[in-house]
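Colleague: I'm new to this one, so could you walk me through it and tell me how you know what you say?

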Amino acid sequence: MSAHDVVIVGAGSAGCVLAARLSEDPRRRVLLLEAGGRDSNPFIHMPAGIAQLVKHRGINWDYYTEPEPALDGRRLWWPRGRVLGGSSSINAMCYTRGQREDYDAWAAAGCAGWSHAEVLPWFRRAEDQARGANEFHGVGGPLAVSDLRHVAPLSRVFVEAAVAAGVPPNDDFNGACQEGVGLYQVTQRDGRRCSAAVAYLRPALSRPNLRVVTGALASRLLFDGRRAIGVEYARGGRLERADAGEVVLCGGAVNSPQLLMLSGIGAGAELARHGIPVIADLPGVGANLQDHLDFCTLWKCRTQDTYDFSKLGEAWVGLRYLLTRDGPGSSNVAEAGGFARTARAVDSRPDVQLHFVPAQLDDHGRNRMPGHGYTIHACVLRPASRGHLRLRTASAADAPAIHANYLAAPEDLATLVAGVRLAREIGAAAPFDPYRGHEVFPGEDACSDAELAGAIRRKAETIYHPVGTCRMGSDHDPDAVVDVKLRVRGVQNLRVVDASVMPLLVSGNTNAPTIMIAEKIAGSIAA
Ligand SMILES: Cc1cc2nc3c(=O)[nH]c(=O)nc-3n(C[C@H](O)[C@H](O)[C@H](O)COP(=O)(O)OP(=O)(O)OC[C@H]3O[C@@H](n4cnc5c(N)ncnc54)[C@H](O)[C@@H]3O)c2cc1C
């Protein structure tokens with residue numbers, strides 16, 4: 001008999017949900033392995049600490065893509081959380097689920113059981129909605145969803161300006177209709193970040209049947225023939241082994257396909273290149289990579305109304321937050337935004353997402369610019385471009401090669417150009433008149449489509465939503481990696497449950513959808 005009924009690899013958005021839900025049954029012995037450490041950094045828990053977290057290498061996998069052919073050969077920075085809570089401990093906390101049609105498209109693509117009507121109960125089960133329950137929202141779940149405690153005046157100006165530019169107002173992007181602009185709801189409770197670790201894992205930590213091991217880098221899955229029987233992991237310079245009745249991979253869209261390949265599950269030729277014996281020849285592992293590519297239009301602000309990232313400004317924000325759990329320290333910084341149809345939209349569905357930041361945001365906030373400014377992000381919601389991941393070496397300690405392949409499909413560039421034009425229309429609307437300084441990016445000289453396309457190639461960045469690299473599909477789909485119960489095809493006792501299983505990127509941020517996926521699978525395992 002195995003020492004553990006279930007070994008979960010990765011304590012991120014999905015892994016924390018599974019560890020908590022599966023250990024609700026006291027007879028089930030659950031082991032959760034996490035490569036990173038405890039979530040003790042205070043900047044994780046103070047929402048505006050996100051501006052500091054970009055500098056903290058210790059809790060970040062700190063990935064870079066390979067040179068991107070359509071982005072002037074730039075290598076894009078891909079932060080991913082390496083800490084309890086995973087990326088939910090470093091994300092921007094915007095709570096959005098995507099569009100009803102996203103999930104209906106999953107079902108139509110062969111993912112029986114994943115239509116919008118079938119996933120909605122799992123979103124509701126996860127949720128503790130501060131506004132109360134209704135047909136779309138739940139209360140009493142682990143994941144706190146609330147309105148921001150502090151909103152910068154300029155974020156409200158953004159909403160007014162977008163409405164003046166013709167985008168409808170919307171106070172619930174997760175209700176009957178997604179289209180429109182407003183303030184984001186956030187995954188926070190009492191002004192603190194509600195990561196998956198805070199929401200799910202902490203309340204479960206005292207259970208005797210749940211063991212959490214941090215600093216444990218899973219290096220390989222162990223098999224008896226085609227049956228997964230455990231995980232080998234490195235900890236404190238030693239290789240250890242955890243035996244398992246079932247292994248559940250929750251390493252996220254980069255690490256789950258990497259670990260599958262390292263363990264002999266992937267495209268046979270790719271595995272052979274690294275001398276890895278093939279257990280299951282699954283060409284879909286690492287393929288089908290999709291992400292939201294984003295461009296920031298940035299204006300200088302003529303007043304002092306934007307967030308102040310000077311040392312003195314930050315010290316004051318921190319002190320006020322400690323005393324009151326309120327003020328700018330409780331802001332997720334990306335306070336307002338929404339979902340809009342550009343001039344290129346082909347149907348009634350929004351084709352871009354906007355995030356408004358009442359601060360000068362350049363290079364993910366890593367480039368601190370002097371003075372005051374504000375930023376409207378625009379990203380393409382349903383890119384047609386597809387990338388892939390490859391092993392660089394046969395070691396889990398080495399990052400895989402990420403070929404995001406952004407803008408490989410020309411329509412993605414055209415939509416992003418239209419998104420930047422929409423951002424500019426909003427920026428030009430009357431409510432911004434008292435604030436608007438000159439446009440820094442893309443810059444007032446960039447007018448034609450070709451000039452805007454050039455600016456995008458020079459400056460566009462990820463908005464952190466890679467998915468699809470272990471995609472789910474029907475039993476007849478040769479490129480599917482997992483079936484609709486998220487069991488890896490061609491082997492036994494192994495699942496992948498995280499953002500990598502999404503067959504198509506959802507039209508919104510990906511934390512809540514990942515948590516929904518984990519809730520749904522935990523429910524089916526427990527049933
Ligand atoms: C900077 C940033 C901002 C974002 N903003 C938002 C937002 O505002 N709203 C939103 O909805 N989404 C946002 N996202 C996206 C969202 O957070 C992710 O899509 C989601 O957290 C992915 O969950 P996951 O479970 O797939 O992976 P993760 O949460 O990344 O978890 C994977 C876990 O597995 C661990 N792991 C990986 N490999 C191994 C290994 N070999 N051994 C042991 N452990 C391993 C990792 O350390 C990590 O803890 C953001 C993401 C980032 C990075």
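The ligand and its shell

Modeller: Sure. Going by class, the shell around the ligand has 18 nonpolar, 16 polar and 4 charged residues. Keep in mind that this is a predicted model.

Colleague: What makes a residue part of the set that surrounds the ligand, and how many are there?

Modeller: A heavy atom of the residue has to lie within 4 Å of the ligand. There are 38 such residues, and the closest are Ser 13, Glu 34, Ser 87, Thr 510 and Asn 511.

Colleague: How do you know that Ser 13 has a polar contact with the ligand?

Modeller: An N or O atom in the side chain of Ser 13 is 2.6 Å from an oxygen atom of the ligand. The cut-off for such a pair is 3.5 Å, so the Ser 13 pair counts as a polar contact. Trp 61 passes too: an N or O atom in its side chain is 3.0 Å from a ligand oxygen atom.

Colleague: And what makes Ala 35 count?

Modeller: With Ala 35 it's the backbone: a backbone N or O atom is 3.1 Å from a nitrogen atom of the ligand. That is within 3.5 Å, so the pair is a polar contact as well.

Colleague: How much of the ligand does the protein bury?

Modeller: On its own the ligand exposes 1,000 Å², and the protein buries 97% of that. Helix H1 (13-22), strand E11 (217-224), helix H8 (252-262) and helix H13 (511-526) are the elements that give two or more residues to the shell.

Colleague: On to the helices. Why are H4 and H5 called oblique to each other?

Modeller: The axes of H4 (residues 100-108) and H5 (residues 116-126) cross at roughly 120° and come within 8 Å. Roughly perpendicular covers 65 to 115 degrees, and roughly antiparallel needs over 145. An angle of roughly 120° fits neither, so H4 and H5 are oblique. Arg 100, Tyr 103 and Asp 104 of H4 meet His 116, Val 119 and Phe 123 of H5. By class, that contact has 3 nonpolar, 1 polar and 2 charged residues.

Colleague: Why are H5 and H13 called roughly perpendicular?

Modeller: Their axes are 8 Å apart and the angle is about 100°. That falls in the 65 to 115 range, so H5 and H13 are roughly perpendicular to each other. The residues making the contact include Trp 122 and Phe 123 of H5 and Ile 515 and Met 516 of H13. The contact divides into 8 nonpolar, 1 polar and 4 charged residues.

Colleague: What makes H11 roughly perpendicular to H12?

Modeller: The axes of H11 (residues 410-428) and H12 cross at roughly 100° and come within 10 Å. The range is 65 to 115 degrees, so H11 is roughly perpendicular to H12. This contact holds 7 nonpolar, no polar and 4 charged residues; among them are Leu 413 and Arg 421 of H11, and Asp 449 and Ile 456 of H12.

Colleague: Which residues does a cis peptide bond join?

Modeller: Phe 441 and Pro 442, with omega at about 0°. Pro 442 sits in the loop between strand E22 (436-441) and helix H12 (449-459).

Colleague: And what is the phi of His 364?

Modeller: It's positive, about 60°, although His 364 is not a glycine. His 364 lies in the loop between strand E18 (352-357) and strand E19 (373-380).

Notes: Residues are numbered from 1 along each chain as its sequence is written. This is a predicted model: local features need pLDDT of at least 70, side-chain atom pairs count only at pLDDT 80 or more; totals for chains, interfaces and linings use all residues. Side-chain values use heavy atoms; hydrogens and water are left out. A polar contact is a pair of N or O atoms within 3.5 Å; within protein, one must be able to donate a hydrogen and the other to accept it, and residues adjacent in sequence count only if both atoms are side-chain atoms. Accessible areas come from the Shrake-Rupley method with a 1.4 Å probe; for residues, only the protein chains shown count as cover. Helices (H or I, at least four residues) and strands (E, at least two) are DSSP runs, numbered from the N terminus. Ala, Val, Leu, Ile, Met, Phe, Trp, Tyr, Cys and Pro count as nonpolar, Asp, Glu, Lys and Arg as charged, and the others, Gly among them, as polar. Axes are lines fitted to C-alpha atoms, for helices over the stretch in contact, and angles run from 0 to 180 degrees between N-to-C directions. Angles under 35 degrees count as roughly parallel, over 145 as roughly antiparallel, 65 to 115 as roughly perpendicular and the rest as oblique. Contact means heavy atoms within 4.5 Å.
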